[in-house]
Amino acid sequence: IVVETFRVDVAEDPAVMPFINTLVRDHNTFTTVYSNYGVTSRAIQSIFFGRLSYTTESRSLFDEFRDNGYLTFGVSAQSENWGNTASILKFDRLTRYYDVRNKKFDEVTLTPYQKQKGELAVFLDSHEVNETVFNMINEAKDHPFFMYINYQDLHYPYFSDKTEKVLVDEYHDEAWFFKPNNRAAILRQYQNDAIHLDKSFREL
């Protein structure tokens, strides 16, 4: 499971992410994997290949699991064209793969930022991601599977049209909002989305 961009200093607040805190406190759930890359796409690729230097011919975790009889699934809230991750990791060879490019968006609902940046600015809400994940798990039945899930709720600008307003009265993606002197309001918007994602984790 990949969460972009996950700030531990925010997640440590039980009021913001109570379910995640419960998992860590009571179940020792997480194994942390670090990548030396500071760019998301390369970080994901290097983790799957287990090395910092690789080519499209390198073997990934997907290859290892597939060769051992596992189904391979992928669900991403973003377009994995970013950084050529889809082609480098050969997502077309997965048993099933779904990302934001599979969804048709109503142009009327898009913000100016999303219209300007296109497929790299739109993403699936975490509840939508979960629905696709559950469908793939049902498809697997009793067959072992390996799954990659990429959540984008906590990526800039820290909200979707499905996010509940708990700590904020309105959302912003305008350039004027993301300024140093507005740090407190930006953090509240992020924390509000963290609450939303925490509910999706509980659902998962």
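In this predicted model, Ile 186 is part of helix α8. The relative accessibility of Ile 186 is 16%. Because burial requires a value under 20%, Ile 186 counts as buried. Several residues beyond its immediate sequence neighbours touch this side chain or backbone. Setting aside residues within four places in sequence, Ile 186 is in contact with Tyr 158, Phe 177, Phe 178 and Lys 179. Tyr 158 lies 28 residues away along the chain. The C-alpha atoms of Ile 186 and Tyr 158 are 8.6 Å apart.

Helix α8 spans residues 183–203 and also appears in the surroundings of helix α2. Helix α2 covers residues 18–27. Its buried residues are Phe 19, Ile 20, Asn 21 and Leu 23. The cover over these buried residues includes α8 and also α1, which consists of residues 8–11. Asn 28 follows α2. The phi angle of Asn 28 is positive, near 45°.

A further buried position is found in helix α7. This helix runs from residue 126 to residue 140 and contains Asn 130. Asn 130 has a relative accessible area of 0%, so the residue is buried. Neighbours within four places in sequence are again left aside for its contacts. On that basis, Asn 130 is in contact with Tyr 151, Ser 200, Glu 203 and Leu 204. Of these partners, Tyr 151 belongs to strand β4, residues 145–151. Ser 200 and Glu 203 fall within α8, residues 183–203.

The strands come next. Strand β2 comprises residues 71–76. Of its 6 residues, 5 are buried, so β2 is largely enclosed by the rest of the structure. Strand β4 gives a similar picture: 6 of its 7 residues are buried, so β4 too is largely enclosed by the rest of the structure.

β2 and β4 pair in the parallel sense, over 6 bridges. Thr 72 has Phe 146 of β4 as its bridge partner. Gly 74 is bridged to Tyr 148 in β4. Gly 74 also stands opposite Tyr 97 in strand β3. Strand β3, residues 96–98, pairs with β2 in the parallel sense over 3 bridges.

β4 has a further partner in strand β1, residues 2–3. These two strands run parallel and are joined by 2 bridges. Here Val 2 has Asn 150 of β4 as its bridge partner. Strand β4 is thus paired with β2 and with β1, while β2 is paired with β4 and with β3.

Terms used: Residues are numbered from 1 along each chain as its sequence is written. This is a predicted model: local features need pLDDT of at least 70, side-chain atom pairs count only at pLDDT 80 or more; totals for chains, interfaces and linings use all residues. Side-chain values use heavy atoms; hydrogens and water are left out. Helices (H or I, at least four residues) and strands (E, at least two) are DSSP runs, numbered from the N terminus. Buried means under 20% relative accessible area, exposed over 50%, partly exposed in between (1.4 Å probe, protein chains only). Contact means heavy atoms within 4.5 Å. Two strands pair if DSSP finds at least two bridges between them.
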